[in-house]
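Q: Hey, can we go through this structure together? I'd like to begin with whatever sits around the ligand.

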Amino acid sequence: MKSEELFNEAKNYLPGGVDSPVRAYKPYPFFAEYGKGSKLFDVDGKEYIDYCLAYGPLVLGHANNEIISAVGNQLEMGSAYGVPTEKEIELAKLVIKKVPCAEMVRFVNSGTEATMSAIRLARAATGKRKIIKFEGSYHGAHDYVLVKSGSGAVGLPDSPGVPEDTTKNTVLIPFNDEESLVNLIKNDDDIAAIIVEPIMGNIGCIAPKEGYLKFLRQITEEKDIILIFDEVITGFRIAEGGAQEYFDIVPDIVTLGKIVGGGFPMGAIAGKKVLMEMIAPSGSVYQAGTFNGNPVSVTAGLAMLKQLNDKFYTEMDKKGEILRAQIQDILDDNNLNFRLAGLSSMFQIYFTENEVYDYKDAKSADIELFNKYFQRLLKEGVFIPPSQFECCFISLMHNEDDIQKTLEIIDNFMKTIK
Ligand SMILES: *Cc1c(COP(=O)(O)O)cnc(C)c1O
């Protein structure tokens, strides 16, 4: 197999053979040759129905024609300028029109940069130090948020190389649990921000309980805490305005990524004007980047966002509903009580019988069984993210055929479990 050979070679030159850890799975990952629509093709000529979709960006599938042609035209005119362009205004206006909390935007290069800068902004705006994040949420790979629970909810570094001094101001609490937040906030006046994935998409897929986001909004308003929605996954995926539109809760700041760059590297911070104007050069909160607002990414983002209208979201919701309803039927028919999670174009099967509301529930899943499921799907030509704790995605290009074929393969696997 060429993928196996390439992986063995890659391991000599790239740590672990890959450029991001989740990509390495056993025995070796397939290497991509090209993607088109709902399909990804590997270097050995095998075809996969793709539910990983680059971990979220590709809502229109691979190699969307309009994005290709817009980016092609832009490339002829240069790929980076280091001076502003009119297209940045156009994209900012589009983001502001779509996303309820967005009154101004700063374009950066990744979701990681977006959350890092959003946290800096929140600390500057409030003059407070601590941030609260939820167990199992992911906000990128920078030091403030690479934190695991310690005793008494004190943040301990989740990676060597992260100083305890950096994470001691990051406090962890369980998602969907009002009481632990109330108790935490009661005696602490040093909390600058709560950063939350409104639907947790990096521990599988966990939706907020009814009223939970509203509770977060109310308590943060009362306590002068900035509410940051990390919508790097949900932004432009579950509704034009993301989770804040879907659940009708408006945060102070939103971080965007994945989809906003139309399949190219980009992230964004957006929010209320009074906050955003604190960012340099209009304010003193430092944020900068050589490739910020890169014309190629901005062009791709524009070409993507222009295609995401009401009809698109109706279609995506419908595909998701059909797929989830039929997976549920398969589980029922096989007398399996695993938890099916997801909404709109997001889904995941948790291999546990517990209801999944937070990190601890998700962690009760049978990882070995998930890995068998993943391997079986892969063998049959269905690519889902290789981890129980990622979320599966649907694109507009996934058709009836793709979905029926996927369901058959899932059914065949579930029949083997007793
Ligand atoms: C992917 C992701 C990030 C990090 O974005 P990168 O572009 O990978 O740096 C941050 N937050 C959430 C919710 C994500 O899913």
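A: Sure. Sorted by class, the shell around the ligand holds 3 nonpolar, 6 polar and 3 charged residues. Keep in mind that this is a predicted model.

Q: Which residues surround the ligand?
A: The ligand is surrounded by S110, G111, T112, Y138, H139, G140, E197, N202, D230, V232, I233 and K258.

Q: How far is the side chain of K258 from an oxygen atom of the ligand?
A: An N or O atom in the K258 side chain is 2.6 Å from a ligand oxygen.

Q: And what about D230, how far is its polar side-chain atom from a nitrogen atom of the ligand?
A: That distance is 2.7 Å, from a polar side-chain atom of D230 to a ligand nitrogen. With G111 the backbone is involved: one of its polar backbone atoms is 2.9 Å from an oxygen of the ligand.

Q: How much of the ligand does the protein bury?
A: The protein buries 84% of the 380 Å² that the ligand exposes when taken alone.

Q: Back to D230 for a sec. Which way does D230 point from strand 10?
A: D230 points one way together with I226 and I228, while L227 and F229 point the other way. Every one of these residues is buried.

Q: Why is strand 10 largely enclosed by the rest of the structure?
A: Strand 10 covers residues 226–230, and 5 of its 5 residues are buried, so the rest of the structure largely encloses it.

Q: What joins strand 9 to strand 10?
A: Strand 9, residues 191–196, runs parallel to strand 10, and 4 bridges join the two. In that pairing, V196 stands opposite F229 of strand 10.

Q: Which helix makes a β-α-β unit with strand 9 and strand 10?
A: Helix 7, residues 212–222. Together with strand 9 and strand 10 it makes a β-α-β unit, and the unit is right-handed.

Q: How many bridges join strand 10 to strand 11?
A: There are 3 bridges, and strand 10 and strand 11 (residues 253–256) run parallel. One residue to look for is I228, which stands opposite I253 of strand 11.

Q: Are the residues on the two sides of strand 11 buried or exposed?
A: Buried. I253 and T255 are on one side, V254 and L256 are on the other, and both faces of strand 11 are covered.

Q: In what sense do strand 11 and strand 12 pair?
A: Antiparallel, over 4 bridges, with strand 12 covering residues 267–271. To find that pairing on screen, look at V254, whose bridge partner in strand 12 is A270.

Q: New topic. What's the strand order in the open sheet of 3 strands?
A: The order is 13-14-16, and the pairing is antiparallel. Strand 13 (339–341) and strand 16 (392–393) are the edge strands, each pairing on one side only.

Q: How many bridges do strand 14 and strand 16 pair over?
A: Strand 14, residues 346–350, pairs with strand 16 over 2 bridges, in the antiparallel sense. The bridge partner of F347 in strand 16 is C392.

Q: What about I367, where is that one?
A: I367 belongs to helix 13, residues 367–379. Its relative accessibility is 35%, so I367 counts as partly exposed. I367 and Y350 are 17 residues apart in sequence, and their C-alpha atoms are 9.2 Å apart in space.

Q: Any odd backbone spots? Where should I look for cis peptide bonds?
A: One cis bond runs from K26 to P27, with omega near -5 degrees. P27 is in the loop between helix 1 (2–13) and strand 1 (32–36). Another cis bond joins A280 and P281, with omega about 10 degrees. P281 is in the loop between helix 9 (273–276) and helix 10 (295–305).

Q: And which residues other than glycine have a positive phi?
A: L53 has a positive phi of about 50 degrees, although it isn't a glycine. Y55 is another non-glycine with a positive phi, near 70 degrees. L53 lies in the loop between strand 3 (47–50) and helix 2 (65–76), and Y55 lies in the loop between strand 3 and helix 2 too.

Q: Are those two buried or exposed?
A: Buried, both of them. L53 has 0% relative accessibility. For Y55 the relative accessible area is 19%, and the cut-off is under 20%, so Y55 counts as buried.

Key: Residues are numbered from 1 along each chain as its sequence is written. This is a predicted model: local features need pLDDT of at least 70, side-chain atom pairs count only at pLDDT 80 or more; totals for chains, interfaces and linings use all residues. Side-chain values use heavy atoms; hydrogens and water are left out. A residue is near a molecule or strand if one of its heavy atoms lies within 4 Å of it. A polar contact is a pair of N or O atoms within 3.5 Å; within protein, one must be able to donate a hydrogen and the other to accept it, and residues adjacent in sequence count only if both atoms are side-chain atoms. Accessible areas come from the Shrake-Rupley method with a 1.4 Å probe; for residues, only the protein chains shown count as cover. Ala, Val, Leu, Ile, Met, Phe, Trp, Tyr, Cys and Pro count as nonpolar, Asp, Glu, Lys and Arg as charged, and the others, Gly among them, as polar. Buried means under 20% relative accessible area, exposed over 50%, partly exposed in between (1.4 Å probe, protein chains only). Two strands pair if DSSP finds at least two bridges between them. A crossover is right-handed if, with the strands pointing away from the viewer, the path from the first strand over the helix to the second runs clockwise.
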